[in-house]
Structure formats: structure tokens, C-alpha cells
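Reader: I would like a close look at one turn in this chain, and then at what surrounds it. Please take it slowly and explain each term once.

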Amino acid sequence: MSTSLDFVASVDASGAKQLAEQVYLDKKERGYKNEFRFGKVKYRDSTVIVFLNSTRELQFMHTLRTLTIAVSGVSLLLVFILVVLFSNRAIRPIANNIRRQKQFITDASHELKTPLTSISTSLDVLSMEHEGDEWIDNIRKQTGRMSKLVSELVQLSRLDEDIPLPDKEHLSLSSAAWEIAEVFEVQSKASEKNFSVDIQDDVNIYGDKSAIHQMLSVLLDNAIRYSDANGDIRLSVYKKKNRAVIEVFNTCELSTIPDTEKLFDRFYRPDLSRSTETGGTGVGLAIAKAAAEVHGGTISAECPSGKTMTIKVII
């Protein structure tokens with residue numbers, strides 16, 4: 001092996017020989033070795049390896065990389081600050097509108113309670129004088145529906161607040177389910193429908209008891225209202241992978257399979273005529289969805305054939 005150091009001053013003969021041996025054993029035809037760039041070619045029966053000192057170029061590249069990273073980091077930080085500042089300003093009108101809408105619903109609901117109470121009281125007086133009058137009965141029925149709707153809108157507005165449930169606590173979902181099940185068992189018997197429960201013991205969650213009661217009441221009330229005559233209704237509560245699961249099943253006879261993605265939208269009615277007959281307001285399942293979400297859970301529905309409906313809540 002022979003070496004030529006005519007144009008290199010940064011390495012001696014032994015160092016050059018050592019570099020050449022390392023590159024020779026390497027399969028690469030060109031590349032970098034320490035601060036040298038090398039090229040390897042076959043010439044007749046020999047291998048010629050050429051080294052070029054690239055210290056200055058490598059230092060320049062390292063400096064450029066460092067500056068690029070620094071400038072990029074500073075730029076991203078500035079962009080982030082600008083986005084935060086301007087996005088808050090851009091979103092503020094939208095947030096204010098949403099806040100005003102929520103406040104309007106709350107205020108309007110409270111304002112409607114007084115005339116509805118007055119109408120209901122007047123109807124009681126009229127019914128004494130005109131007992132069995134169908135017009136009075138119809139007004140009472142519609143007043144009841146309106147009162148229920150107002151109450152549900154207030155509940156929905158409360159669940160939409162920034163801090164909807166300030167009084168969360170560790171509670172037994174099993175006990176809460178039994179409490180609501182006892183109430184709706186009587187209601188289902190009065191409707192001549194079959195009601196069954198499957199509630200595991202010691203299913204606990206962290207949440208608001210009144211909101212959980214409201215959600216369970218909505219789901220069971222919905223199952224009883226929209227199940228078929230002599231239908232089956234089942235409430236199940238159990239644990240699955242450290243999550244609490246609530247399932248409400250009912251048989252039904254739906255002429256049109258509902259869009260289960262829209263089922264929890266406010267005022268969505270898959271069957272308007274049937275909803276009117278059963279006295280539904282179209283807000284109940286929206287309340288159930290809001291209650292599930294404020295507890296960090298999800299709610300979904302399955303109605304594969306229009307013959308059965310299963311609503312599942314996972315918290």
C-alpha cells in the first residue's frame with residue numbers, strides 16, 4: 001500500500017494508511033470518514049482511494065443545521081403565540097353567541113314556568129265547572145307536554161355549562177340503577193309490558209347522582225314509550241374493562257329504521273306521528289347524551305332491523 005500526502009497537512013502517513021485500510025474494508029464506494037470525504041475506484045489491478053479534507057464544509061453544515069433548528073423553534077414559538085392570541089380574539093364572538101343562547105334558553109324556560117303554572121291552575125278550576133270537557137283535557141295534555149319540555153330544556157342547558165356538575169362524588173351506579181328500576185317497573189306493568197333487570201353489584205363511578213338518575217330515567221322512559229304492545233324491556237348494568245356499562249334494551253315495531261347517528265340530536269324524531277302519540281318532546285335522548293359526555297362517557301344506539309333497540313352508555 002502506498003500513500004500520497006502532497007496536498008494534505010492534517011494527517012500523517014500512518015493516519016492516512018489507517019484511514020485507507022478502514023475505507024478499503026468498507027463496502028461503500030464513497031462517503032465520509034471522520035472529517036474526510038472519500039472516493040474509492042478500481043484502477044487496473046489496484047484500488048485507489050482519494051480523501052478530501054472536508055472539515056470546513058462539515059463545520060459549516062453543522063452550524064447551518066443548528067441555526068435552522070434554532071430559527072425553526074423560535075418561529076414555531078412565535079406562530080404558536082400569535083395563534084393563541086388571535087384565535088382567542090376570533091373565537092370570542094362565537095363563544096359569546098353560544099353563551100347568550102344558553103342564557104336565553106335558561107331565561108326563557110324560567111319565564112315560561114309562570115304562565116304554564118297559571119294555565120294549569122286555571123284548568124283545574126275550569127274542569128270543576130265543565131267536568132269531562134274534551135277541550136279542557138286537550139289543553140291540559142298540551143300544557144303538560146310544554147311543562148315537560150321546559151324542564152328538559154333547563155336540564156339540557158345546565159349540562160351544557162362550562163362546569164355542569166360541580167358536586168361530583170364517588171357513587172354506586174348499581175344502587176342508582178336499582179332506585180330508578182323500581183319506579184319504572186311499576187310503570188311498565190301499568191303499560192302491560194315485560195320489564196327485567198340485570199344489575200351487577202359494586203359497579204361504582206365518579207359522577208353526579210341526580211344526572212345519572214336523569215339519564216337512566218330518560219332511557220327507561222324512552223324504552224317504555226317506544227316499545228311495542230306487550231313488549232320486552234331490559235336494563236343491564238355491568239363492568240367491562242374497568243368501565244361501567246349501562247344497556248337499555250326494548251323490542252319495538254318501527255316502520256322505518258331510525259338513523260342511530262342522529263337519534264341523540266335535539267328534537268330529532270324518527271317517527272313524528274308516533275312521537276306525538278307517546279308524548280315525546282325530542283329532547284330526552286339529547287339529555288342522556290349530554291349526561292353521558294359530562295361524565296367522560298359515550299352513548300350509542302343499535303336498531304338493526306327495526307324490531308329491537310339497544311342503547312348503550314359507557315362511563
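What does Lys-241 count as, buried or exposed?

Author: Lys-241 counts as exposed because its relative accessibility is 76%. Here buried means under 20% relative accessible area, exposed means over 50%, and partly exposed is in between, with a 1.4 Å probe and only protein chains considered. The model is predicted, so local features need pLDDT of at least 70 and side-chain atom pairs count only at pLDDT 80 or more, while totals for chains, interfaces and linings use all residues. Residues are numbered from 1 along each chain as its sequence is written, and side-chain values use heavy atoms, leaving out hydrogens and water.

Lys-241 sits in the loop between β7 and β8. Such names come from DSSP runs numbered from the N terminus: helices are H or I runs of at least four residues, and strands are E runs of at least two. The backbone of Lys-241 has a phi near 55 degrees, a positive value in a residue other than glycine.

Glu-192 shows a positive phi as well, near 60 degrees, and is not glycine either. Glu-192 belongs to the loop between α4 and β5. With 58% relative accessibility, Glu-192 counts as exposed.

Glu-192 follows α4, and that helix deserves some time. Helix α4 covers residues 173-190, which makes 18 residues, and at 1.5 Å a residue it should span 26 Å; its end C-alpha atoms are 26 Å apart, so the two agree. The expected span is 1.5 Å times one less than the number of residues.

The buried residues of α4 are Leu-173, Ser-174, Ala-176, Ala-177, Ile-180, Ala-181, Phe-184 and Ser-188. They pack against β4 (169-172), β5 (194-199), β6 (204-207), α5 (209-226), β7 (232-240) and β8 (243-251). The strands on both sides of the Lys-241 loop are therefore among the partners of α4. Take Ser-188, a residue of α4: its relative accessibility is 0%, which means that Ser-188 counts as buried. Leaving out residues up to four places away in sequence, Ser-188 touches Lys-193, Phe-195 and Ile-224, where contact means heavy atoms within 4.5 Å.

Leu-235 gives another view of the packing. Its contacts, again without residues up to four places away in sequence, include Ala-177, Ala-181, Phe-195, Leu-216 and Ile-246. Leu-235 is also one of the residues with the most contacts inside the largest nonpolar core, together with Met-215, Leu-219 and Ile-246; this core has 48 residues. The residues that α5 gives to this core number nine, the most of any element. A nonpolar core is a set of buried Ala, Val, Leu, Ile, Met, Phe, Trp, Tyr and Cys residues joined through side-chain atoms within 4.5 Å.

Charged pairs come next. A salt bridge is a side-chain nitrogen of Lys or Arg within 4 Å of a carboxyl oxygen of Asp or Glu, and by this rule there are seven. One of them joins Glu-185 and Lys-189, whose closest N and O atoms are 4.0 Å apart. Both residues lie in α4, four residues apart, or about one turn of the helix. Glu-185 counts as partly exposed because its relative accessibility is 33%, whereas Lys-189, at 58%, counts as exposed.

A second pair is Lys-307 and Glu-253, with closest N and O atoms 2.9 Å apart. Lys-307 lies in the loop between β9 (298-302) and β10 (308-314), and Glu-253 in the loop between β8 and α6 (272-278), so this salt bridge ties together parts that are 54 residues apart in sequence. Lys-307 has a relative accessible area of 43% and is partly exposed.

Elsewhere, Asp-124, Asp-137 and Arg-140 are joined into one network by salt bridges that share partners. Within that network, Asp-137 and Arg-140 have closest N and O atoms 3.8 Å apart. Both lie in helix α3, three residues apart, about one turn of the helix. Asp-137 has 41% relative accessibility and so counts as partly exposed; Arg-140, at 32%, also counts as partly exposed.

Helix α3 itself covers residues 134-159 and reaches 38 Å from its first C-alpha to its last, close to the 38 Å expected. Among its buried residues are Ile-136, Val-150 and Leu-156. The cover over the buried residues of α3 includes α2, α5 and α7 (284-294).
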